[in-house]
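This report walks through a single chain, starting from one residue and widening to the elements around it. Please keep the sequence and the model in view while reading.

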Amino acid sequence: REVTIDVLFVDTSHEYEHTIRELWAWEKHLSDRALIFLHDSNIPHTEQPHKDGRWERGMTVKGVAQAIHEFTHTCFDPEEWYDSGSQFNTPFGWRVSHDPTSNGMTVLLRNHRVRREDVQDVPTECPFR
């Protein structure tokens, strides 16, 4: 029997490739009204440990936000509050709500009336990638 998932929490490696692979892998198991919570969608910087015990600020990591942009075909600045609205106005029918604080938390709510295979002409450009 096929099991469907109503709530999925993704707290991944923060790298784009890993996160998008997880989203694609889980998508076929999601219920028609699934919720996906993605943590660390706005990491302002990384901390790099050194052998001498010091920590140094490293590069900004936006891999989770980039994966969300691709998966839902939305475009939002991960450093700003964002809500796509109750109309599920993303091309694939996801409502996207993003809170940039505490490294970011993004919630995706699936619209059961929109199927990915029925959508055409999806914009892909996003300046925040």
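## Threonine 72 and its contacts

Threonine 72 is found in helix 2 of this predicted model. With a relative accessible area of 0%, threonine 72 is buried, because buried here means under 20%. Its side chain reaches the backbone oxygen of isoleucine 68 at 2.8 Å, and a polar contact of 2.8 Å also joins the side chain of threonine 72 to that of threonine 74.

## Helix 2

The helix that holds threonine 72 is mostly covered, since 8 of its 10 residues are buried. These buried residues are Gly63, Val64, Ala65, Ala67, Ile68, His69, Phe71 and Thr72, and what covers them includes helix 1, strand 2, strand 6 and strand 7. Just after helix 2, histidine 73 takes a positive phi of about 60 degrees.

## Helix 1

Helix 1 comprises the 12 residues 16-27, which at 1.5 Å a residue should span 16 Å, and the end C-alpha atoms are indeed 16 Å apart, in agreement with that expectation. Tyr16, Thr19, Ile20, Leu23 and Glu27 are buried in this helix. Viewed down the axis of helix 1, the buried residues fall within an arc of 95 degrees, and they therefore line one face of the helix. The cover over these residues includes strand 2 (30-39), helix 2 (63-72) and strand 7 (105-110).

## The largest nonpolar core

In soluble globular proteins, nonpolar side chains tend to be buried together. In this model the largest nonpolar core has 18 residues, of which Leu23, Leu30, Ile36, Leu38, Phe71, Trp94 and Leu108 touch the most other members. At least two residues of this core come from each of strand 1 (5-10), helix 1, strand 2, helix 2 and strand 6 (94-99).

Leu23 is also one of the buried residues of helix 1, and Phe71 is among those of helix 2. Once neighbours within four places in sequence are set aside, leucine 30 is in contact with Ile5, Leu8, Ile36, Trp94 and Arg110; among these, Ile36 and Trp94 are themselves listed with the core members that touch the most others.

## Salt bridges

How many salt bridges does the count come to? The count is 2, and one of them is formed where the side chains of lysine 62 and glutamate 79 meet, at 3.7 Å from N to O. Lysine 62 lies in the loop between strand 4 (55-57) and helix 2, whereas glutamate 79 lies in the loop between helix 2 and strand 5 (82-83), so the pair ties together parts that are 17 residues apart in sequence. As for accessibility, lysine 62 is buried, with a relative accessible area of 19%, while glutamate 79 counts as exposed at 51%; these values can be read against cut-offs of under 20% for buried and over 50% for exposed.

Arginine 95 forms a salt bridge with aspartate 83, and the closest N and O atoms of this pair are 2.8 Å apart. The pair links distant parts of the chain, with arginine 95 in strand 6 and aspartate 83 in strand 5, 12 residues apart. Arginine 95 is partly exposed, with a relative accessible area of 25%, and aspartate 83 is likewise partly exposed, with a relative accessible area of 40%.

Key
Residues are numbered from 1 along each chain as its sequence is written. This is a predicted model: local features need pLDDT of at least 70, side-chain atom pairs count only at pLDDT 80 or more; totals for chains, interfaces and linings use all residues. Side-chain values use heavy atoms; hydrogens and water are left out. Helices (H or I, at least four residues) and strands (E, at least two) are DSSP runs, numbered from the N terminus. The expected span of a helix is 1.5 Å times one less than its number of residues. Buried means under 20% relative accessible area, exposed over 50%, partly exposed in between (1.4 Å probe, protein chains only). The arc is that of the directions from the helix axis to the C-beta atoms. Contact means heavy atoms within 4.5 Å. A nonpolar core is a set of buried Ala, Val, Leu, Ile, Met, Phe, Trp, Tyr and Cys residues joined through side-chain atoms within 4.5 Å. A salt bridge is a side-chain nitrogen of Lys or Arg within 4 Å of a carboxyl oxygen of Asp or Glu. A polar contact is a pair of N or O atoms within 3.5 Å; within protein, one must be able to donate a hydrogen and the other to accept it, and residues adjacent in sequence count only if both atoms are side-chain atoms.
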